[in-house]
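The report below takes up one side chain and its surroundings, and then widens to charge pairs, enclosed space and the overall fold.

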Amino acid sequence: MRRARVRRQRGVKAMEPESTEKVYASKQEVIDRVKEIIESGENINRDELDALKAAFYKLSIAEKDAKQKAYLDEGGDPDAYQPEADPDEETFKEVMGQLREQRAETSKKQDEERQQNLTRKLEIIERIKEMAVSPDEANKSYQEFKSLQTEWKELGALPPERSTEVWRNYQHVVEQFYDLLKLNFEARDYDFKKNLETKTALCEAAEKLTEEKDVVSAFHQLQTLHEQFRETGPVAKDLREDIWNRFKAASTIINKAHQAFFERLRAGEEENLRHKTELCEKVEAIVAEPNKGNADWDKHAKQIIELQAEWKTVGFAPHKMNVKIFERFRAACDQFFTAKAEFYKTMKATYSENIAKKQAIIARAKELADSTDWRKTANEFIALQKEWKASGIVPHRTGEKLWAEFRAECDKFFNARSAANVSTYGEERENLAKKREIVKQINLITDEDEDAVREKLQALQAEWNGIGHVPYKEKDKVFNDYREALDMAYGRLRGGKESRRLDSFKASVSQMEGTAVDSERAKLMRNYDTLRQEIQTYENNLGFLSATSKKGNALVDDITRKIEKLKADMNLVREKIKAIDEQNKEGKE
């Protein structure tokens, strides 16, 4: 039966043997163990090598997590945290490289020894062949034959690919020799009997192993039994097949259980690989997403930390992929956190600049906080608040502290203004009542004399303009009621809207001063010329249109309406200019 090297697996619940791995308390212990192996020249197996790697990186990750937690517990800024380089990792990689070189050299020497053993065993087989050509030759060579058997057992392992073939050839020539041996029947029968006892005991041991729950351990023990079975000489010819079949039957049961165990193990490892691949893809997708500011970096960092925690719950992937998939995951995580650290490094200058801006705003707010020029200062505070919003981001804790200072100055001013305005509240309520009374009077005008109506409306408008502020929340509503009442009153007059607009203009002009009046007249003159030119253009176009078709007639009607509208607007402008000229004349007189 072929020898098999079995790699121990961890993280499998079903039928998994109890772990016998050593638990290391520190990274230095792992490094010391590797150095010990190098110095002693110990032939370490693959299982322990994988266990050492896993133990070191598990301790390394735990140490980094602990340092980050301690930093945060002490009040450190999570956005500014940068993990330290691990000097032990470089040492570990160095000693592991030395160990790999040593193992390669040892493997080379073992291959040479196996080749030497192969050469000698082939020579022994050839010599026994020479002694098993006849009964006489076998009888004469019996003592030499026994010596060759002893030497065969003392020789070490062979190249794995030749082991079974060489063993079968050896068994064959030994059986041939015994079949020809006639010199000492008692010695031969005694050998057969002892060999049968030995092989029977080996069969019993193999059968007992079929009950072993630890299938991996049973498989390893079976390999030792096979070695012993091979090295044991033949039994009587009529018993050879039976004893071998008995041993092979027990071996088959153990081998099938071992194979089934590792098939389940491999299935679990494949599922773990699929799961870990998904985690890698998720981290890589996060790394590819743009980060526009602190919020994005913080959100993505939390997502990756959650994926790292999930990674720790997933068992091992297949041996050939386990290190590769971990390196892929770690590379993506490192890429993100390196970029994050670089971002915050470059942000420090921006933070400093933004802090200076906010401090300047606070200084200005302190200067304004005691002002009693309520309207002007309130506008300045509103401008400062807008400036604050545009001043850029700063670290969270610093930002909260600066904002508290700024808000305190704002509150100081606005609280003082509120206290001062309490006395004006009653006056504003009285003004509101007066304006509502004016709206009521406008709605009650029923005179048929248009001149009388206009006179009343102008008087009520002048009274409205002389009333002071009303409560802010009522301002828009009462003004809308006022405009609606005026529109309805003027709408009942001939000239309607134009007359109201002219009266309203006259009222506003009466309150203007010299330069403002001149500026308004110049603007009206420009407007008058523009309207006159537009009318002239439309009248010229009208002369080129034919009204013989329905389409042409509709276009003529449309232009005619526009001309009438423009003439009405021009007439209103002319009246406004006349009103200004009359006011200027009265002022000179």
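In this predicted model, Glu409 touches Ala365, Lys366, Ala369 and Phe381, when residues up to four places away in sequence are not counted. Glu409 itself is found in helix 13, which spans residues 396-443. Although Glu409 is buried, it has no salt bridge, and the nearest side chain of opposite charge, that of Lys412, is 4.9 Å away. Because a salt bridge requires a side-chain nitrogen of Lys or Arg within 4 Å of a carboxyl oxygen of Asp or Glu, the distance of 4.9 Å to Lys412 does not qualify.

Elsewhere, charge pairs do form, and a search of the whole structure finds 28 salt bridges. Three of these are set out here.

| Salt bridge | Closest N to O distance |
|---|---|
| Lys93 and Glu89 | 3.7 Å |
| Asp191 and Lys146 | 3.0 Å |
| Glu207 and Arg246 | 2.8 Å |

The salt bridge between Asp191 and Lys146 links distant parts of the chain, with Asp191 in helix 7 (residues 185-209) and Lys146 in helix 5 (residues 142-154), 45 residues apart. Asp191 is buried, at a relative accessible area of 12%, whereas Lys146 is partly exposed at 26%. In the salt bridge between Glu207 and Arg246, Glu207 lies in helix 7 and Arg246 in helix 9 (residues 237-288), so the pair ties together parts that are 39 residues apart in sequence. Here Glu207 is partly exposed, with a relative accessible area of 30%, and Arg246 is partly exposed as well, at 31%.

Lys93 and Glu89, by contrast, are four residues apart in helix 3 and are therefore separated by about one helical turn. Lys93 counts as partly exposed at 39% relative accessibility, while Glu89 is buried at 12%. Both residues are linked with Arg330 in a network of salt bridges.

Helix 3 (residues 87-131) also gives the most to the lining of the second largest cavity, with four residues. That cavity, one of two of 30 Å³ or more found in the whole structure, holds about 40 Å³ of space. Its lining consists of Ile37, Glu42, Asn43, Ile44, Leu99, Gln102, Arg103 and Thr106, which divide into three nonpolar, three polar and two charged residues.

For the protein as a whole, the secondary structure comes to 18 helices and zero strands. Buried residues make up 34% of the 589 residues. Among contacts between residues at least 6 apart in sequence, 77% join residues at least 24 apart.

Technical notes: Residues are numbered from 1 along each chain as its sequence is written. This is a predicted model: local features need pLDDT of at least 70, side-chain atom pairs count only at pLDDT 80 or more; totals for chains, interfaces and linings use all residues. Side-chain values use heavy atoms; hydrogens and water are left out. Helices (H or I, at least four residues) and strands (E, at least two) are DSSP runs, numbered from the N terminus. Buried means under 20% relative accessible area, exposed over 50%, partly exposed in between (1.4 Å probe, protein chains only). Lys and Arg count as positive and Asp and Glu as negative; His and the chain ends are not counted. Contact means heavy atoms within 4.5 Å. On a 1 Å grid over the protein atoms alone, a cavity is a set of points where a 1.4 Å probe fits but cannot get out, and a pocket is an open set with protein on both sides within 12 Å along at least five of seven lines; lining residues have an atom within 4 Å of a point. Grid points are joined across faces, edges and corners, and a volume is the space filled by probe spheres set on the points. Ala, Val, Leu, Ile, Met, Phe, Trp, Tyr, Cys and Pro count as nonpolar, Asp, Glu, Lys and Arg as charged, and the others, Gly among them, as polar.
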